[in-house]
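Here is a short briefing on one protein chain. The points below are grouped by topic, beginning with the core.

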Amino acid sequence: MNKRLITVILVMMACFLLYSVSPVWAAETTASPQDKIIAECTAAIDANPNDYFSYLHRGQAYRKKNLFDEALADCNKAIEIKPDYAAAYFERGWINQVRKNWDSAIDNYTQTMKFDSGYYWAYNNRAVCYNQKEQYDLAISDAARAIELYPKRANSYFHLGYAYTQKHQYEDAISTYRGVIDNCSDSRDIEKAKDRIRALGGSV
């Protein structure tokens with residue numbers, strides 16, 4: 001048997017093996033990380049129906065899959081089990097924010113702060129919601145608090161600068177954007193801040 005024929009036989013055998021296992025392989029590789037989390041959390045909840053962390057974690061996975069009703073149901077269950085669960089209120093706020101239910105988002109972020117006054121993202125995200133509702137003074141207060149809590153994150157500077165700009169407080173906005181340049185390390189954020197400063201007539 002010559003080498004060419006042996007090669008053909010080996011290739012055919014390899015193809016046969018590949019196609020014979022491909023349905024299993026496809027099933028294993030098409031499951032998203034979120035599907036895996038959902039399955040694991042569901043198993044944990046089946047074992048312990050009061051596992052509030054697994055309800056929250058599964059709710060986060062549902063939210064990332066845009067299954068918002070399922071996500072809210074899990075957050076509600078987590079809060080039912082643990083009424084002071086700041087992270088669950090935050091997640092519920094985020095789901096409402098994604099759905100542009102600004103008032104519900106604000107209420108949930110406020111609950112987050114009630115149980116964890118240092119929850120940076122709750123202040124940051126509530127500022128976003130207040131900006132959307134054109135309640136700029138409240139947005140300024142929340143964004144400024146977020147910067148106090150975490151001065152190296154650019155998000156809050158941009159929310160604060162936006163609110164100042166909408167109130168025509170351009171010098172305050174420019175000063176805020178300079179805070180990105182002084183405190184943040186991501187070059188994209190720094191360039192974005194410089195662009196905002198130039199657009200407001202400032203120099204960099």
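The largest nonpolar core of this predicted model holds 33 residues. Tyr109, Ala122, Cys129, Phe158, Leu160, Tyr177 and Val180 touch the most other members. H5, H6, H7, H8, H9 (154–166), H10 and H11 (187–199) each give two or more residues to this core.

**Cores**
- A second core is separate and has 18 residues. Its members include Ile37, Cys41, Ala78 and Ile95.
- Tyrosine 177, named above among the core residues with the most member contacts, touches Tyr157, Phe158, Gly161, Tyr162 and Thr165. Tyrosine 177 also touches Ala193, Arg196, Ile197 and Leu200. These contacts leave out residues up to four places away in sequence.

**Helix H6**
- Helix H6 covers residues 102–115, 14 residues in total. From first C-alpha to last, H6 reaches 20 Å, close to the 20 Å expected at 1.5 Å a residue.
- Which residues of H6 are buried? They are Trp102, Ala105, Ile106, Asn108, Tyr109, Thr112 and Met113.
- The cover over these buried residues includes helix H5 (86–98), helix H7 (120–132) and helix H8 (136–149).
- Tyr109 thus appears in two lists: it is buried in H6, and it is among the core residues that touch the most other members.

**Threonine 176**
- Threonine 176 sits in helix H10, which runs over residues 170–183.
- Is threonine 176 buried or exposed? It is buried, because its relative accessible area is 8%, under the 20% cut-off.
- Leaving out residues up to four places away in sequence, threonine 176 touches Tyr157, Leu160, Gly161 and Tyr164.
- Tyr157 and Gly161 are contacts of threonine 176, and both are also contacts of tyrosine 177.

**Whole chain**
- The chain has 11 helices and 0 strands. Along the sequence, the pattern reads α-α-α-α-α-α-α-α-α-α-α.
- Of its 204 residues, 39% count as buried.
- Take the contacts between residues at least 6 apart in sequence: 46% of them join residues at least 24 apart.
- The accessible surface comes to about 12000 Å². Carbon and sulfur atoms account for 53% of this surface.

**Confidence**
- Mean pLDDT for the chain is 90. A value of 70 or more is reached by 85% of the residues.
- Where does the pLDDT fall below 50? It does so over residues 14–29. Beyond near neighbours in sequence, this stretch makes 0 contacts in the model.

Terms used:
Residues numbered from 1 in each chain as written. Predicted model: local features only at pLDDT ≥ 70, side-chain atom pairs only at ≥ 80, totals over all residues. Heavy atoms only, no water. Helix = DSSP H or I, 4+ residues; strand = E, 2+ residues; numbered from the N terminus. Buried < 20%, exposed > 50% of the residue type's maximum accessible area, 1.4 Å probe, protein only. Contact = heavy atoms within 4.5 Å. Areas by Shrake-Rupley, 256 points an atom, 1.4 Å probe, with all protein chains shown as cover. Expected span 1.5 Å × (residues − 1). Core = buried A, V, L, I, M, F, W, Y, C linked by side-chain atoms within 4.5 Å. pLDDT = per-residue confidence, 0-100.
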